[in-house]
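Visitor: I should like a close look at a single part of this model, set in its context. Please take one chain and follow it from its overall make-up down to one residue.

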Amino acid sequence: MSALAVSGVSKRFGSLQVLRDINLSLEKGQMLALIGRSGSGKSTLLRCMNGLERIDAGHITIGGHALSYAPAALRRLRQDVGIVFQAYNLFPHLTVGRNIMLAPRLVLRWPSARAEARAREVLATVGLSEKFDAYPNQLSGGQQQRVAIARSLAMAPQVMLFDEVTSALDPELTGEVLITMENLARSGMTMVLVTHEMSFARSIAHIVAFMHDGRIHEIAPAKDLFARPRTEELRRFLSSTL
Amino acid sequence: MTYQFQFGAVFARAELLIDGFLLTLQLTVLTGLIGLILGLSCAVIRTYGPRPARMAVATYVEIFRNTPFLVQLFLIFFGIPEIGKTFGLRWLPSPYMAGLAALSVNIGAYATEIIRAGLQSVHRSQVEAAESLGLTRWQVIRYVILPPALRNVYPALSSEFILLMLGTSVVSVISVEELTGTANLIQSETYRTFETYALIWVIYFALALVLKGILDAIAARFIGRQKPPPAAAGAAHA
Amino acid sequence: MRSFGLNDVWYLLIATQWTIYLTVVAFLVGGALGLWLAVVRTGGSRFGNGLALVWIRSFQNTPLLVQLFLIYYGLGLFGFRLPPFVAAAVGLICYASAFLAEIWRGCILSVPRQQWEAADALALTPWQIRWYVILPQALRIAIPPTVGFLVKLIKNSSLASVVGMTELMRAATAINNATYQPFKVFLCAAIIYFLLCFPLTMLSRRFERQLDVSTRG
């Protein structure tokens, strides 16, 4: 069974049609990169996958859950689908350790010792063990983003979503975040990311989808898509990002 | 004509004044706590509750913020027993109970508005991050929104608390014998009006300063530590 | 014992005039004093700043009711027989000056430092800088909290009744003594106060929203 299946998904914001009949599927352990100009609908599509935005038509199955908006069902889905945001969205009043422990304790009802052990484990995965007791505003942007990845990872999700996670970072800080994501991909995590990092998408992603005007304009294995763009729109987009 | 200041007669009633002072403190702390709980609940309902509940809270807040405390006090102390009688209820609140009730609902309305502003100051993306981790609505409010919200409005809440302390003096009008109430008694017995009020004026002033000191110390202890030390703040830009 | 009727409502409305006069006098005179205090507080003189601060804290950190008692009874002992209106007005003026000074000081300080520097660089005198550059900008920010304080002043003018001035609250108390129908009488007073205050509260909020939009855009 595929880890992600999107079929016939459409969405509009008022009179603006932002997604038109999207169909996708992704195998377990694979990485899908969504690329395209801003306003093409790629972030909206990603946010639909864990129910942050509502779809008007179609179906989404992700991490073994059919998307539904009943609060309890949505919470169960979200336990298995992590998301990392462009602006990190760490909780500023909690230390790094407590940021990571929050969901395991409240959602999975783990005792505090177990949650702490898990937090230390995932923090080591992203290479920030020594920051357990720091507050988010004491960290650099790149470090905050790695903590945000660790926070999602602590819930042991089936699928992880990444919404332009390096766009808010200075160029010299994007590297450390991309390396963290690459390691995650190598460990077999199923990942969907919206990104502007073309070389990253090209070298790490299995499948790349180019979105244009609310549609999936082209979708192909990463090598093929970048090497042989079939449409004029993708060709123009790729040359503009060089 | 020269006036001879005579504080002696007033100091002779020190015991009475101390009782009054303690009652002022008690009223302040009790109504502060009740008002805080009331304000917290109402602010959460006003922001996240169902529409009818939101409207009800808004009405409560507007009524109490747009009428004088003195009128509210008289309505509770004199007015409620009157309408109670027409429904066959014999309820006569003591001045103390009426004062406590009036102060609590009054400060509750102000606290609601302050805390509501705090809830709105927490960015929507914080809620999205918490919901994406599978937290329930209540958990999101309790663990993600409320702590930074309260932290943001702590200065406003603490100056409201000082105003509340000063405002307790008004319940002396229905003969509650807190600090101002005992002063009224003492000056009517000693005829040392100016000395009496000057003395409690100083006491209120000192109490306001002490309370502010305590509230600031609490802020430094529990809120200040979230601020990064200068070195770490620099690192964030590195 | 007579019953609460339309005549009494009329009497309350007549008394409301005095609530308004008292508030307006306290606001205008207290505002002028407060503005001067705010300017002194943001000026360079440490001595002036200290004196202004003593004045402001004296009225901010003590109950208005006690201030009114001190002025009404206290000054009487020195041979000044103050009519209740004057005593109440003096009390509310001092009170308003202290709070408005602090509100406006905050507004003056919120004008960015660069504005002072830019004006300074143009060789304006300190008073010119304040009058032509800082105050006009501070004024915009000051309107919502100032209107908000006006509401507070209307409400607190009810304490003048305690020192014997016949305004709305004291008129209500007098009618209550004659009719002993406190619920109707004080509810009527509350409604009049609400009708005075609520429009101003809404106005203050509207100014605030406009300010939000203009500073964000």
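**A close look at chain C**

Guide: Chain C contains 8 helices and 0 strands; the model it belongs to is predicted. Along the sequence, the pattern of chain C reads α-α-α-α-α-α-α-α. Taken along the principal axes, the box filled by the C-alpha atoms of chain C is roughly 75 × 50 × 25 Å. Chain C has 217 residues, of which 42% count as buried. If one considers the contacts in chain C between residues at least 6 apart in sequence, 76% of them join residues at least 24 apart.

The annotation can be set beside this helical pattern. In an unreviewed entry, UniProt places the feature "transmembrane region" at residues 20–40, 52–73, 85–104 and 185–203 of chain C. Two of these spans may be examined in the model. Residues 20–40 of chain C are 100% helix and 0% strand, with end C-alpha atoms 29 Å apart. For residues 185–203 of chain C, the composition is likewise 100% helix and 0% strand, and the end C-alpha atoms are separated by 28 Å.

Within the span 20–40, one residue serves as the point of focus: C:Leu33. This residue is located in helix α1 of chain C, which comprises residues 6–42. Is C:Leu33 buried or exposed? The answer lies between the two: C:Leu33 counts as partly exposed because it has 18 C-beta neighbours inside 10 Å, where 20 or more would be needed for a residue to be buried and 12 or fewer for it to be exposed.

Which residues does C:Leu33 touch, leaving aside those up to four places away in sequence? They are C:Ile93 and C:Ser97. Both positions fall in the span 85–104, one of those to which UniProt assigns the feature "transmembrane region". A further relation concerns C:Arg209, which is 176 residues from C:Leu33 in sequence; in space, the C-alpha atoms of C:Leu33 and C:Arg209 are 28 Å apart.

Taken together, the view runs from a chain of 8 helices and 0 strands, through a span of residues 20–40 that is 100% helix, to C:Leu33 in helix α1 of chain C, a partly exposed residue that touches C:Ile93 and C:Ser97.

Technical notes: Residues are numbered from 1 along each chain as its sequence is written. Chains are lettered from A and ligands numbered from 1 in the order in which they are written. This is a predicted model: local features need pLDDT of at least 70, side-chain atom pairs count only at pLDDT 80 or more; totals for chains, interfaces and linings use all residues. UniProt positions are given in the numbering used here, feature names are shortened, and annotations may be inferred rather than shown by experiment. Helices (H or I, at least four residues) and strands (E, at least two) are DSSP runs, numbered from the N terminus. Two residues are in contact if their C-beta atoms, placed from the backbone, lie within 7 Å.
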